[in-house]
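Thanks for making the time this morning. Let me put the structure on the screen, and then I will talk you through a few of its features.

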Amino acid sequence: RTLRALASGPRRPRTGAARLEMNGPDSRNVCVLAHVDHGKTSLSDGLIASNGIISSRLAGQLRYMDSRDDEQDRGITMKASSIALVYQPEEVAAAGGGAEAASPLRVNLIDSPGHVDFCSEVSSAVRLSDGALLVVDVVEGVCVQTAAVLRQAWDEGVTPLLVLNKMDRLVAELR
């Protein structure tokens, strides 16, 4: 459901090299932005699992998008990476009062780093994107890098969609 808002919105006009990345009207480029350790890669794993590419049991542990050895060893994303996913919207209301099947949408998901040392990777991901999922850890809240990546998205005219993460941790710590 988090992709529905991005899927229905208008595409940003493209110029130059970014125009080459478009795959037609039925595709969206969406980047995942957040402070380090707020759950970008885990969210990406969950979305990848929803497409059947990896097991849902491995989502959040596999770190599928972190394909480099140094990323797996350090447990952080250092290079932005992308994957094409399919989003199948629910039926839409037809003009005659019935419902008709909506066309599937291609979502090019870009997992970006959260550490300040890799901000150029975030800039590249944002420039290629039509929308962004802004992940915030509800316990830690908005951190310095959260504000920095949000500012980059705004500067590029990218619409962010807020994703509140680690709600289970919040409940556990409040008890």
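I will start with the sheet, go on to one helix and what covers it, and finish with a patch on the surface.

Please keep in mind throughout that what you see is a predicted model. The sheet is an open one of five strands, and if you follow it across, the order reads 2-5-1-6-7, with mixed pairing. At its edges sit strand 2, residues 81–87, and strand 7, residues 159–165, each of which pairs on one side only. On average, neighbouring strands of this sheet are turned by 25 degrees against each other, if direction is ignored. As for the partner of strand 7, strand 6, residues 131–137, runs parallel to strand 7 and is joined to it by seven bridges, and within this part of the sheet G131 stands opposite T159 of strand 7.

Turning to helix 5, which spans residues 119–127, its buried residues are E121, V122, S123, A125 and V126. In general terms, an α-helix has 3.6 residues a turn, so residues three or four places apart point the same way. And what lies over the buried residues of helix 5? The cover includes two strands that we met in the sheet order, strand 1 at 27–34 and strand 5 at 105–111, together with helix 6 at 144–155.

Finally, on the surface, L162, L164 and M167 make a nonpolar patch of about 310 Å². M167 belongs to helix 7, residues 167–174, and it counts as partly exposed because its relative accessibility is 44%, which falls between the cut-offs of 20% for buried and 50% for exposed.

Methods
Residues are numbered from 1 along each chain as its sequence is written. This is a predicted model: local features need pLDDT of at least 70, side-chain atom pairs count only at pLDDT 80 or more; totals for chains, interfaces and linings use all residues. Side-chain values use heavy atoms; hydrogens and water are left out. Patches are made of residues with over 30% relative accessible area and no salt bridge: like charges are joined within 9 Å, nonpolar side chains (Val, Leu, Ile, Met, Phe, Trp, Tyr) within 5 Å. Accessible areas come from the Shrake-Rupley method with a 1.4 Å probe; for residues, only the protein chains shown count as cover. A salt bridge is a side-chain nitrogen of Lys or Arg within 4 Å of a carboxyl oxygen of Asp or Glu. Helices (H or I, at least four residues) and strands (E, at least two) are DSSP runs, numbered from the N terminus. Buried means under 20% relative accessible area, exposed over 50%, partly exposed in between (1.4 Å probe, protein chains only). Contact means heavy atoms within 4.5 Å. Two strands pair if DSSP finds at least two bridges between them. Axes are lines fitted to C-alpha atoms, for helices over the stretch in contact, and angles run from 0 to 180 degrees between N-to-C directions.
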